[in-house]
Amino acid sequence: MGVDLTDLVPEHETTLVDLNGKVIAIDAFNTLYQFLSIIRQMDGTPLVDDKGEVTSHLSGIIYRVTNLVEQGIKPVFVYDGKPPVLKAETIKARREVREAARQMYEAARAAGSAEAYKYAQASTSINAQIIKDSKELLGYMGMPFLIAPSEGEAQAAYMVQKGAADFVGSQDYDSLLFGAPRMVRNVTITGRRKIPRRGVYVDVKPQIVELKEVLETLEVTREQLIDMGILVGTDFNPGIYKVGPKTALKLVKKHPDMRAILDELGQDIENYQEIREFFLHPPTTDDYSIKWGRPEPEKIRHFLCDEHNFSPERVDKVIERLDRAVSETGKQKTLSAWF
DNA sequence: CATTTTGA
DNA sequence: TCAAAATGG
C-alpha cells in the first residue's frame, strides 16, 4: 500500500494500556482494508450476510473498537475523500492487480487449492456499500468519524499537528510524510500474526513512531524524508527500481536535491514536484467536530442481527462490553473523560 | 478481527 | 487443560 520505510524508522513498542486516554485519528480505509483482508474463511471466502453483502469489516469494527474503548482509547475514524488526480495511475494499476488476483482466486477456490486464501486477500477491495455500512455501525457505536477533503492520512496528520488527536493510527508511514508528529501502528491488528512463508506466529504490538525522532535519527529534514518516500514509491508514483529505504537514505544525503539524484541514476520521476508539494501541503479541513456518544444497543442489534445475520448472542455480549467501557470511561473525572 | 470448538 | 484449528456471516 503506502510508503515503506520499515527497518529505517525508530519504533517504540507500547501496549494498548499505555494509550489510555489518547485520541487516535484512525485511517479508516487502511483499517477497513485490513479487516476485509484478514477476516475470512480458510478457503478465502469473506463473511457475508444472506443478501451476499460482505460483513467481515463489521465484525472487525465491533470487536476491535470495543477493545480499544475498553483500554480507554478514543478513536476517531478519518475516511478518504476525493482521491487526488495524482493517484489515478496507481488506482488503475491496483484495480488491474486486484482483478487478476480475483480470477486466480475463483480458479483456486474451484480447484480446492490452498492458494485460494492468498489470492482472496490480494483481491480485497472496498466498495461504497462497505464504506456506508462501516459508518452506520460506527455511528450506532457512538464513535465519531469524518471525511477528509482528500487523503485520510493527510487529514489525520493535520489533526495531530493541531492537537485534535494524539496519534495517527495506520499501518502505513505516509502520515509521517504528511507531517504527523506522532503515529501508532498495529492498533487495529494485534495478538499473533502468521508469517507468510513459514507456519510460525509472532506477537505484534502497537508501535509509536515520532516524526522528530525519525528525522533526528536519520539526520534528514522532512523534505528529505519525503524525497526518500518518493524514491521508494508512494501512492502517487511507483518508485525507482531496486531503490529501497536504505538506498534512498544514502541518496538524499549524498545529493543536494532530487535533480542531482535522478541525474546520477539516469532516471526520471513523473510529477515529482507535484507529489512533493502534495505531501508538504495536502488538502485538509477544520470543518469537523469530534464527539463521542453513548452506544445505541437496539440500533446495533437491529443493524447487525436483523440486517446482517450476526448472532444475537455474540452481539449482545459485545454490546454489553462496549456499553460498560463507555460508562466507565465517562465516569473518570480526568482530562481523558469520554464526553 | 474475535469467539468457539477441537483434539493431543 | 490449552494451544491450534475452525467458525463466524
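The following exchange concerns a predicted model of a protein with DNA strands.

Biologist: Which conventions and confidence limits apply to this model?

Modeller: Residues are numbered from 1 along each chain as its sequence is written, and chains are lettered from A and ligands numbered from 1 in the order in which they are written. Side-chain values use heavy atoms, without hydrogens and water, while totals for chains, interfaces and linings use all residues, local features need pLDDT of at least 70, and side-chain atom pairs count only at pLDDT 80 or more.

Biologist: Which helices each supply at least two residues of the surface near DNA strand B?

Modeller: A residue is near a strand if one of its heavy atoms lies within 4 Å of it. Around DNA strand B these residues include Phe35, Ile38, Tyr63, Asn67, Thr188 and Arg314. Helices here are DSSP runs of H or I with at least four residues, strands are runs of E with at least two, and both are numbered from the N terminus. The helices that each supply at least two residues are H1 (28–38), H2 (56–70) and H14 (312–331).

Biologist: What share of the atoms of DNA strand B within 4 Å of the protein belongs to sugar and phosphate?

Modeller: The residues around DNA strand B also include Ile39, Ile189 and Thr190. Sugar and phosphate account for a share of the strand's atoms within 4 Å of the protein that equals 74%.

Biologist: At what distance does an N or O atom in the side chain of Arg64 lie from a phosphate oxygen of DNA strand B?

Modeller: A polar contact is a pair of N or O atoms within 3.5 Å; within protein, one must be able to donate a hydrogen and the other to accept it, and residues adjacent in sequence count only if both atoms are side-chain atoms. Lys317 places a side-chain N or O atom 3.1 Å from a phosphate oxygen of this strand, and Arg321 has a polar side-chain atom 3.1 Å from a phosphate oxygen. For Arg64 the distance is 2.4 Å.

Biologist: Which atom type of DNA strand C lies 2.8 Å from a polar side-chain atom of Gln41?

Modeller: Of the atoms of DNA strand C within 4 Å of the protein, 52% belong to sugar or phosphate and the rest to bases. Thr55 has a polar side-chain atom 3.0 Å from a sugar or linking oxygen, and a backbone N or O atom of Arg40 lies 3.4 Å from a base oxygen. The atom 2.8 Å from the side chain of Gln41 is a base nitrogen.

Biologist: Is Thr31 of helix H1 buried or exposed?

Modeller: Thr31 is found in helix H1 and, leaving aside neighbours within four places in sequence, is in contact (heavy atoms within 4.5 Å) with Ile26 and Thr188. Its C-alpha atom is separated by 9.0 Å from that of Gly169, 138 residues apart along the chain. Buried means under 20% relative accessible area, exposed over 50% and partly exposed in between, with a 1.4 Å probe and protein chains only. Because its relative accessibility is 4%, Thr31 counts as buried.

Biologist: Why does Ser170 count as buried?

Modeller: Ser170 is in the loop between strand E5 (167–169) and helix H7. The side chains of Ser170 and Asn30 are joined by a polar contact of 3.4 Å, and the side chain of Ser170 reaches the backbone nitrogen of Asp172 at 3.2 Å. Ser170 counts as buried because its relative accessibility is 3%.

Biologist: Which residue of strand E4 stands opposite Val78?

Modeller: In strand E3 (residues 74–79), Lys74, Val76 and Val78 point one way and Pro75, Phe77 and Tyr79 the other way, and all are buried. Two strands pair if DSSP finds at least two bridges between them. E3 runs parallel to E2 (residues 23–27) with five bridges, and pairs in the parallel sense with E4 (residues 145–147) over three bridges. Opposite Val78 in E4 stands Leu146.

Biologist: How many of the eleven residues of helix H9 are buried?

Modeller: The buried residues of H9 (residues 222–232) include Leu225, Ile226, Met228 and Leu231. They pack against helices including H6 (152–161), H8 (211–218) and H10 (245–254). Just after H9, Gly233 takes a positive phi of about 125 degrees. The helix is mostly covered, and its buried residues number nine.
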